[in-house]
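Please look through the structure shown here from its overall fold down to single side chains. The account that goes with it is meant to be read with the sequence and the coordinates open.

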Amino acid sequence: IGVPPRLEAMEVISLASNAVCELFPLWPRWSVHLLMIMSLVLSSVLLLLHVLAPPPAAPTLGAKSLRPSFNSFKRDYLLVYSVIMLADWMQGTHMYTLYQSYGVNVSALFFDRFLERGFLRALDGRRC
């Protein structure tokens with residue numbers, strides 16, 4: 001029985017990247033890399049939330065049992081929010097490619113949107 005050679009970190013990343021590229025053959029390679037990076041960031045954030053979450057405090061007379069149900073709600077909310085943000089980030093890369101394919105100056109488009117939001121917020125009186 002032979003011992004498999006030790007894979008270096010970059011080789012593992014390259015193998016994973018190739019495997020994911022095979023799952024999404026129509027995606028550009030940069031978007032596959034972005035998906036992998038954002039998935040890693042999301043996994044890290046969820047792991048940190050799980051590890052660093054403070055232990056539930058002992059309930060006081062006025063609190064009853066709201067704390068455990070609130071913590072459960074908070075975890076569910078953050079999970080759904082993180083998934084939606086990941087989907088939004090992935091959509092942004094496709095929108096960039098779509099705009100670019102139509103010959104739109106993408107940087108001017110996003111800059112105009114930024115200025116419009118700043119101007120409308122100033123008129124509305126709310127902070128950005």
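The paragraphs below go from the whole chain to one helix, then to aromatic rings, and finally to a surface patch.

This is a predicted model, and its protein chain holds 4 helices and 0 strands, so that the pattern read along the sequence is α-α-α-α. Buried residues account for 11% of the 128 residues in the chain, and the chain exposes about 11000 Å², of which carbon and sulfur atoms supply 69%. Among the contacts with a separation of 6 or more, 42% are made by residues 24 or more positions apart.

Helix H2 covers residues 29–52, and because a helix is expected to rise 1.5 Å a residue, its 24 residues should span 34 Å, which agrees with the 34 Å that separates its end C-alpha atoms. Within H2, the buried residues are Ser31, Val32, Leu35, Met38 and Leu42. The last of these, Leu42, reappears when one turns to serine 82, a residue of helix H3: leaving aside neighbours within four places in sequence, serine 82 is in contact with Leu42 and Leu46. Serine 82 has a relative accessibility of 14% and therefore counts as buried, since the limit for that class is under 20%. Another residue of helix H3 is leucine 78, whose C-alpha atom is separated by 9.2 Å from that of leucine 49, although the two are 29 residues apart along the chain. Leucine 78, unlike a buried residue, is partly exposed, because its relative accessible area of 27% falls between the limits of 20% and 50%.

Helix H3 also carries aromatic rings that can be followed pair by pair, the structure holding 3 aromatic pairs. In one of them, the rings of phenylalanine 70 and phenylalanine 73 have centres 6.5 Å apart and planes at 40°, so the pair is classed as tilted. These two phenylalanines are 3 residues apart in helix H3, which means that about one helical turn separates them. Phenylalanine 70 itself counts as partly exposed, at 42% relative accessibility. In another pair, the ring centres of tyrosine 77 and tyrosine 81 lie 6.1 Å apart with planes at 15°, and the pair is therefore stacked, an angle under 30 degrees being what that class requires. Tyrosine 77 and tyrosine 81 both belong to helix H3, where they are 4 residues apart, again about one turn of the helix. Such spacings can be read against the geometry of an α-helix, which has 3.6 residues a turn, so residues three or four places apart point the same way. Both tyrosines are partly exposed, tyrosine 77 with a relative accessible area of 47% and tyrosine 81 at 42% relative accessibility. Taken together, Phe70, Phe73, Tyr77 and Tyr81 form one aromatic cluster.

The last feature is on the surface, where Tyr96, Leu98, Tyr102, Val104, Leu109 and Phe110 form a nonpolar patch whose accessible area is about 570 Å² together. Helix H3, which runs over residues 66–101, and helix H4, which runs over residues 106–124, each supply at least two residues of this patch. One member of the patch, leucine 109, is found in helix H4, and its relative accessibility of 33% is why leucine 109 counts as partly exposed.

How values were computed:
Residues numbered from 1 in each chain as written. Predicted model: local features only at pLDDT ≥ 70, side-chain atom pairs only at ≥ 80, totals over all residues. Heavy atoms only, no water. Expected span 1.5 Å × (residues − 1). Buried < 20%, exposed > 50% of the residue type's maximum accessible area, 1.4 Å probe, protein only. Patch = residues over 30% accessible without salt bridge, like charges linked within 9 Å, V, L, I, M, F, W, Y side chains within 5 Å. Areas by Shrake-Rupley, 256 points an atom, 1.4 Å probe, with all protein chains shown as cover. Salt bridge = Lys/Arg side-chain N within 4 Å of Asp/Glu carboxyl O. Contact = heavy atoms within 4.5 Å. Phe/Tyr/Trp six-rings, centres within 6.5 Å; stacked < 30°, edge-to-face > 60°.
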